[in-house]
Amino acid sequence: MNPKILITGAKGFFGTRFINRYKAEFDILGLGSDQLDITDNDAVIKAFAKFKPDYVIHAAAIAATDFCNQHPDLAYKVNVQGAINVANACKQYGSKLVFISTEQVFNGNPEAGPYSETDQPIPDTVYGQNKLEAEQKLLTILDEVWILRFTWLFGLPERHTSINPNVIWNALQALINGQVMKERSNEFRGLTYVHELIEQFPRIFTIPYGIYHTGAHNSASRFEIAQHILTELGQQARLSEILEVNDAPRTRDVRLNTNKLAQHGLQFTESKNAISQCLKEFHFR
Ligand SMILES: NC(=O)c1ccc[n+]([C@@H]2O[C@H](COP(=O)([O-])OP(=O)(O)OC[C@H]3O[C@@H](n4cnc5c(N)ncnc54)[C@H](OP(=O)(O)O)[C@@H]3O)[C@@H](O)[C@H]2O)c1
């Protein structure tokens, strides 16, 4: 019998693509917020009691940083209390949990990345604080939990999936709308192709439990990445017209050191090459 996977946040950017990829291989129950509100503990328990998942991928969250800063109570309820409800249900029903966290736990660290799992995160946004607190609480509830701190994901719109702002989609939208892109040459983040990440999941279920920095290495700044995308889209001759540097006073480097995951055989294509791969798969080059 196929393993049973319950995925929360099933109608989101990650969840829709995960379900499309694995619906024939696993017995998947994907629940959007309209089907399961993770802040409703009774509803969470009922969903587990009925489905009895082997694995749970907890992808539901309020992930918009500004929205979380503006609505800290709601953000806490969903991002921390909701995660606790899911972890308690995992404990009760013997399900193994994948909790999706974020590089944003390091947003307030004064030293630059790449950060490893042993570095102490200092989040300076509500979203980052919520994710770090959820990580810590989950580790006290469950032993069988993988905490994956994702870098920023990218991908393109597809049928029956949801789309979020990301480097490639932002660049395409700017081109379509005739907008000049303003990008930082002093910001550094890992950028991971969502499909490459999703492909790794069967293997993720086999590694030891714990915290893992998850995603691609990226040596390029946000500005250099925008240059790369626009060049790949055939816009090289117009770069000076459509792309400007717009630096912030302070360098931001929230890159993750992913050596721990690599030691378990999980490696990602470096961001620039992964972007080229994505554009190729969607026939932009
Ligand atoms: N995408 C990235 O670059 C990235 C990077 C690092 C970490 N992550 C993490 O990865 C996970 C998936 O991200 P994503 O990009 O797929 O985010 P997303 O597109 O925003 O999806 C998250 C989903 O969570 C659902 N949700 C919100 N409140 C809920 C509630 N009370 N009960 C049940 N579901 C609720 C939302 O449903 P509604 O829209 O119906 O409210 C939404 O569909 C999140 O935990 C996020 O923090 C993402």
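Where in the chain does Lys52 lie? The points below answer this and describe the ligand site of what is a predicted model.

1. Backbone at Lys52. Lys52 lies in the loop between helix H2 (41-51) and strand E3 (55-58). Its phi is positive, about 45 degrees, although Lys52 is not a glycine. Most residues other than glycine have a negative phi, and most peptide bonds are trans. A reviewer may therefore wish to view this residue with that background in mind.

2. Cis peptide bond. Gly113 and Pro114 are joined by a cis peptide bond, with omega at about 0 degrees. Pro114 is placed in the loop between E4 and H5.

3. Residues around the ligand. The ligand is surrounded by 24 residues, and the closest are Phe14, Ser33, Tyr127, Lys131 and Leu153. Sorted by class, this shell has 14 nonpolar, 7 polar and 3 charged residues.

4. Polar contacts of the ligand. Two of the contacts described here involve ligand oxygen atoms. One ligand oxygen is 2.5 Å from an N or O atom in the side chain of Ser33, and a ligand oxygen is 2.8 Å from a polar backbone atom of Leu153. A nitrogen atom of the ligand is 3.0 Å from a polar backbone atom of Ile38. Ser33 thus enters through its side chain, whereas Ile38 and Leu153 enter through their backbone.

5. Cover and pocket. On its own, the ligand has 890 Å² of accessible area, of which the protein covers 79%. The space that the ligand takes is the largest pocket.

6. Elements that form the shell. Two or more residues of the shell around the ligand come from each of helix H1 (13-22), strand E4 (96-102), helix H5 (126-141) and strand E6 (152-154). E4 gives the largest share, 3 residues.

7. Aromatic pairs. The structure holds 15 aromatic pairs. Among them is the pair of Phe14 and Phe201, which is tilted, with 5.6 Å from centre to centre and 55 degrees between the planes. This pair links distant parts of the chain: Phe14 belongs to helix H1 and Phe201 to helix H8 (residues 201-204), and the two are 187 residues apart. Phe14 is also one of the residues closest to the ligand.

Methods
Residues are numbered from 1 along each chain as its sequence is written. This is a predicted model: local features need pLDDT of at least 70, side-chain atom pairs count only at pLDDT 80 or more; totals for chains, interfaces and linings use all residues. Side-chain values use heavy atoms; hydrogens and water are left out. A residue is near a molecule or strand if one of its heavy atoms lies within 4 Å of it. A polar contact is a pair of N or O atoms within 3.5 Å; within protein, one must be able to donate a hydrogen and the other to accept it, and residues adjacent in sequence count only if both atoms are side-chain atoms. Accessible areas come from the Shrake-Rupley method with a 1.4 Å probe; for residues, only the protein chains shown count as cover. On a 1 Å grid over the protein atoms alone, a cavity is a set of points where a 1.4 Å probe fits but cannot get out, and a pocket is an open set with protein on both sides within 12 Å along at least five of seven lines; lining residues have an atom within 4 Å of a point. A molecule sits in a cavity or pocket if more than half of its atoms lie within 2 Å of its grid points. Helices (H or I, at least four residues) and strands (E, at least two) are DSSP runs, numbered from the N terminus. Ala, Val, Leu, Ile, Met, Phe, Trp, Tyr, Cys and Pro count as nonpolar, Asp, Glu, Lys and Arg as charged, and the others, Gly among them, as polar. Rings of Phe, Tyr and Trp (its six-membered ring) pair if their centres lie within 6.5 Å; planes under 30 degrees apart count as stacked, over 60 as edge-to-face and the rest as tilted.
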